[in-house]
Amino acid sequence: SKADLKLSKRRPIGAIGGSTSAASAGFYAMFGGTADRKIHVYRLSDAQHWAFVPPQEFVDIWGVFYVDAKTVWYWTVTGIYRQAIDALGPGDPPP
């Protein structure tokens, strides 16, 4: 219930702009916009973080539209792409 929810700050994030995001299966992903051109992925259970810059040929990123425990899907002016989370390495440990 709404009364049972408790806010808790998970970890700080840098400045972002023009962000689009998606959440599913205990993961949250967002595009950082022009501030850093990275797609950030967070595992909500422990605030583990991964980030990646899509290849330069994928110009004009429009945003993230799906994430789950295995992949992030994002789209650009040239098409729809996916990135395997496990291919991103260990990421940044929770604070």
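Start by selecting strands S5, S6 and S7: in this predicted model they form an open sheet of three strands, in the order S5-S6-S7, with antiparallel pairing. Colour residues 61-67 and 79-84 to pick out the edge strands S5 and S7, each of which pairs on one side only. Look along the sheet and you can see the twist: neighbouring strands are turned by 25° against each other on average, with direction ignored.

Now zoom in on S6, residues 71-76, and its partner S7. Six bridges join these two antiparallel strands. Show the side chains of tryptophan 75 and isoleucine 80, since here is a pair to look at: tryptophan 75 stands opposite isoleucine 80 in S7.

Next, zoom out to the whole protein chain. You will find seven strands and zero helices, so a cartoon view reads β-β-β-β-β-β-β from the N terminus on. Of the 95 residues, 33% count as buried. Switch on the surface if you like: about 6,000 Å² is exposed, and carbon and sulfur atoms supply 59% of that area.

Hide the surface again and go inside. Which residues have the most contacts inside the largest nonpolar core? Select Ile39, Val41, Val64, Val67, Val72 and Ile85, and you have them; the core as a whole has 15 residues. Strands S2 (27-31), S3 (39-43), S4 (48-52), S5 and S6 are the elements that give two or more residues to this core.

Stay with valine 67 for a moment and display what surrounds it. Leaving out residues up to four places away in sequence, valine 67 touches Ala22, Ala23, Ser24, Phe27, Tyr28, Ala29, Val41, Val72 and Ile85.

For a charged pair, select arginine 43 and aspartate 46. They form a salt bridge, with the closest N and O atoms 2.9 Å apart, and the count for the model comes to one. Is this pair buried or exposed? Something in between: aspartate 46 is partly exposed, with a relative accessible area of 27%, and arginine 43 is partly exposed too, at 26%.

Finish at arginine 11, in the segment before strand S1 (21-24). Draw a distance from its C-alpha to that of tyrosine 42: the two residues are 31 apart in sequence and 9.8 Å apart in space. Setting aside neighbours within four places in sequence, the contacts of arginine 11 include Tyr42, Ala47, Gln48 and His49, and also Asp92, Pro93, Pro94 and Pro95. Across the protein chain, of the contacts between residues at least 6 apart in sequence, 36% join residues at least 24 apart.

Note on methods: Residues numbered from 1 in each chain as written. Predicted model: local features only at pLDDT ≥ 70, side-chain atom pairs only at ≥ 80, totals over all residues. Heavy atoms only, no water. Pairing = 2+ DSSP bridges. Helix = DSSP H or I, 4+ residues; strand = E, 2+ residues; numbered from the N terminus. Axes fitted to C-alpha atoms, helices over the stretch in contact; angles between N-to-C directions. Contact = heavy atoms within 4.5 Å. Salt bridge = Lys/Arg side-chain N within 4 Å of Asp/Glu carboxyl O. Buried < 20%, exposed > 50% of the residue type's maximum accessible area, 1.4 Å probe, protein only. Core = buried A, V, L, I, M, F, W, Y, C linked by side-chain atoms within 4.5 Å. Areas by Shrake-Rupley, 256 points an atom, 1.4 Å probe, with all protein chains shown as cover.
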